[in-house]
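Got your viewer open? Let's take a short walk through this model, one selection at a time.

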Amino acid sequence: MKTNSDTTRALYLGLDVHKEQTVIAILEGSRDAEPRAYGSV
């Protein structure tokens, strides 16, 4: 993905792994960002 900005944004992916399912969360790289649930597998 191309952007018009010279800075890159960090994107963090969290995986909560258990025997029956894995829950996925995403956090954008800013300090004030709130994690958001993405789904489960």
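Which residues make a nonpolar surface patch of about 320 Å²? Select Leu 13, Leu 15 and Val 17, and you have the patch on screen. Patches are built from residues with over 30% relative accessible area and no salt bridge, joining like charges within 9 Å and nonpolar side chains (Val, Leu, Ile, Met, Phe, Trp, Tyr) within 5 Å. Accessible areas come from the Shrake-Rupley method with a 1.4 Å probe, and for residues, only the protein chains shown count as cover.

Before you click on, some ground rules: this is a predicted model, where local features need pLDDT of at least 70, side-chain atom pairs count only at pLDDT 80 or more, and totals for chains, interfaces and linings use all residues. Residues are numbered from 1 along each chain as its sequence is written, and side-chain values use heavy atoms, with hydrogens and water left out.

**Stop one: strand β1**

Stay on Leu 13, which lies in strand β1, residues 11-17. Strands (E, at least two residues) and helices (H or I, at least four) are DSSP runs, numbered from the N terminus. Is Leu 13 buried or exposed? Leu 13 counts as exposed because its relative accessibility is 59%; the cut-offs are under 20% relative accessible area for buried, over 50% for exposed, and partly exposed in between (1.4 Å probe, protein chains only). Now select the whole of β1: the strand is hardly covered, with zero buried residues among its seven.

**Stop two: the hairpin and the sheet**

Add residues 22-28, strand β2, which pairs with β1 in the antiparallel sense over seven bridges. For two strands to pair, DSSP must find at least two bridges between them. Together β1 and β2 form a hairpin, with four residues between them. To see who faces whom, try Leu 11 opposite Glu 28, then Gly 14 opposite Ala 25.

Next, bring in β3: four bridges join this strand to β2, and the two run antiparallel. Here Ile 24 stands opposite Gly 39 in β3. With the three strands shown, you are looking at an open antiparallel sheet in the order β1-β2-β3. Because β1 and β3 (36-40) each have a single partner strand, they stand at the edges, and one side of each is left without a neighbour in the sheet.

**Stop three: a salt bridge**

How many salt bridges does the structure hold? There is one, so defined because a side-chain nitrogen of Lys or Arg lies within 4 Å of a carboxyl oxygen of Asp or Glu. Select Glu 28 and Arg 36 to find their side chains meeting at 3.4 Å, N to O. Glu 28 is partly exposed, with a relative accessible area of 30%, and Arg 36 is also partly exposed, at 44%.

**Last stop: the whole protein**

Zoom out and you'll find zero helices and three strands, following the pattern β-β-β along the sequence. Of the 41 residues, 5% count as buried. Turn on the surface to finish: the accessible surface comes to about 4,200 Å², with 51% belonging to carbon and sulfur atoms.
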